[in-house]
Amino acid sequence: MNYRKLGKTNLNISEISLGTWQVGGKWGSGFDDPTAEKIINTAIDKGINFIDTADVYESGLSEAAVGRVLRSRSEEVYIATKCGRQINPHVDEGYTPKALRKFVEASLKNTGLERLDLIQLHCPPTDTYYRPEIFGLFEDLKKEGKIANLGVSVEKVEEGIKAMQYDNVTTVQIIFNLFRQRPAELFFREAEKNDIGVIVRVPLASGLLTGKFDKNTAFDKEDHRNFNRDGEAFDKGETFSGVNYDTGLEAVNELKQLFPDAENLAPIALQWILSHKTVSTIIPGASKEEHLLSNLSAGEKPSLSKDQIEKMNAIYDKHLKAQIHQKW
């Protein structure tokens with residue numbers, strides 16, 4: 001495992017870490033504690049020392065499973081969780097210091113931990129980034145010893161750049177992958193300038209970049225890849241990175257031609273992300289142990305060549321840039 005610095009937190013974390021949205025089983029399957037604990041334990045065994053969760057993942061079951069495993073291990077493993085998505089309706093007015101404090105204290109209780117290494121605002125509405133009192137609350141929580149660091153998870157590049165203007169924001173979690181390349185421009189430059197840790201989520205475009213889907217692939221009715229393709233439930237960019245499914249398949253087919261010997265494109269897609277040194281860590285999810293091991297294999301393979309990266313970028317330019325690039 002290779003490790004990178006997480007911005008001004010100064011934590012050295014695994015460059016491939018673990019996201020736990022579906023760690024207890026595939027989307028729509030319910031939550032299975034033994035599966036979750038097996039995946040999390042294997043992740044730690046393999047050198048992962050950074051695990052991302054949220055209070056809304058399976059109504060807190062994911063967060064509880066992460067805390068349970070971490071308390072049983074002797075290794076130093078950092079936990080990042082999120083708050084804010086419980087606000088319903090999810091509007092700026094619902095974001096208050098009182099509500100957010102309650103969420104943080106509930107996460108501490110749910111994980112069984114005395115302090116959260118990183119608490120992140122969970123994709124708040126854009127207007128919330130313009131309210132200093134919201135960010136000031138977390139300074140109070142830090143002084144109280146309840147959190148160590150504050151970060152944000154964002155939908156848009158502009159939100160990430162705005163968040164960096166608050167001195168106590170240490171990390172930004174953002175969607176970035178071969179099919180969502182805009183963050184590599186101004187956002188990455190600003191992150192470097194402000195010493196912000198960059199946490200990459202949705203690195204496989206909801207599985208599209210594994211190369212295992214086709215036009216006949218069926219998703220469970222409770223799976224967001226079935227019901228949120230046009231943003232019916234939440235931001236469209238969370239599902240297949242906002243890429244039209246059929247167009248994405250065309251781009252993936254061309255990617256397969258570039259790597260004809262690869263049975264699974266996921267490690268290659270992760271290598272592409274890791275070629276960007278501004279990235280602190282990637283947090284791919286895993287509903288099975290073999291998914292985790294597949295993701296980790298990206299760090300064991302030779303780096304992509306400059307020619308391969310250029311050809312991968314050309315696929316994005318040809319198929320996706322016009323419909324995706326300026327939206328998020």
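The legends below accompany several close-up views of a predicted model of one protein chain.

**Figure 1. The whole protein chain, with its 12 helices and 10 strands, sets the scene for the closer views.** The C-alpha trace of the protein chain spans about 55 × 40 × 40 Å along its principal axes. A compact globule of 328 residues would have a radius of gyration near 20 Å, and the 19 Å found for the protein chain agrees with that expectation. Of the 328 residues, 58% count as buried. When contacts between residues at least 6 apart in sequence are considered, 77% of them join residues at least 24 apart.

**Figure 2. Cys83 and Cys123 are shown in a structure that holds 0 disulfides.** A disulfide is a covalent bond between the sulfur atoms of two cysteines. Why is the sulfur of Cys83 not bonded to the closest cysteine sulfur, in Cys123? The two sulfur atoms are 12 Å apart, which is too far for a bond, because a pair counts as a disulfide when its sulfur atoms lie within 2.5 Å. Seen from the other partner, the closest cysteine sulfur to that of Cys123 is the one in Cys83, again at 12 Å. Both side chains belong to buried residues, for Cys83 has a relative accessible area of 0% and Cys123 has one of 6%. Cys123 itself sits in the loop between strand 6 (118-122) and helix 4 (132-143), and its phi is positive, at about 50 degrees, although Cys123 is not a glycine.

**Figure 3. Two loops are shown for their backbone geometry, one holding Pro89 and the other holding Asn10.** In the loop between strand 5 (78-83) and helix 3 (97-111) lies Pro89, and the peptide bond that joins Asn88 to Pro89 is cis, with an omega of about 5 degrees. The second loop, between strand 1 (3-5) and strand 2 (12-14), contains Asn10. Although Asn10 is not a glycine, its phi is positive, at about 65 degrees. Is Asn10 buried or exposed? With a relative accessibility of 54%, Asn10 counts as exposed, since the cut-off for that word is over 50%.

**Figure 4. Helix 9, which runs through residues 266-274, is mostly covered by other parts of the chain.** How many of the 9 residues of helix 9 are buried? The count is 9 of 9, and the buried residues include Ala266, Pro267, Trp272 and Leu274. The elements that cover these buried residues include strand 1, strand 9 (197-201), strand 10 (281-282), helix 10 and helix 11.

**Figure 5. His276 and Ser297 are two loop residues, His276 lying between helix 9 and strand 10 and Ser297 between helix 10 (289-296) and helix 11 (306-319).** His276 has a relative accessible area of 19% and is buried. Which residues are in contact with His276, once its neighbours within four places in sequence are left aside? They are Arg4, Phe176, Ala184 and Phe188. Ser297 also counts as buried, at 15% relative accessibility. The C-alpha atom of Ser297 is separated by 9.3 Å from that of Ala266, although these two residues are 31 residues apart along the chain; Ala266 is one of the buried residues of helix 9.

**Figure 6. The second largest pocket holds about 200 Å³ of space.** Its lining is made up of 13 residues, and those that lie nearest the centre of the pocket are Gln271, Leu274, Ser275, Lys277 and Ser303. Of these, Gln271 and Leu274 are also among the buried residues of helix 9. By type, the lining of the second largest pocket divides into 4 nonpolar, 5 polar and 4 charged residues.

**Figure 7. The largest cavity is an enclosed space of about 30 Å³.** The count of cavities of 30 Å³ or more comes to 1. Which residues line the largest cavity? The lining consists of Leu6, Thr9, Leu11, Phe50, Tyr78, Asp117, Leu118 and Asn149. By type, the lining of the largest cavity divides into 5 nonpolar, 2 polar and 1 charged.

How values were computed: Residues numbered from 1 in each chain as written. Predicted model: local features only at pLDDT ≥ 70, side-chain atom pairs only at ≥ 80, totals over all residues. Heavy atoms only, no water. Buried < 20%, exposed > 50% of the residue type's maximum accessible area, 1.4 Å probe, protein only. 1 Å grid on protein atoms, 1.4 Å probe; cavity = no way out; pocket = protein on both sides within 12 Å on 5 of 7 lines; lining within 4 Å. Points joined across faces, edges and corners; volume = space filled by probe spheres on them. Nonpolar A, V, L, I, M, F, W, Y, C, P; charged D, E, K, R; others polar. Helix = DSSP H or I, 4+ residues; strand = E, 2+ residues; numbered from the N terminus. Rg over C-alpha atoms; globule rule 2.2 N^0.38 Å. Contact = heavy atoms within 4.5 Å.
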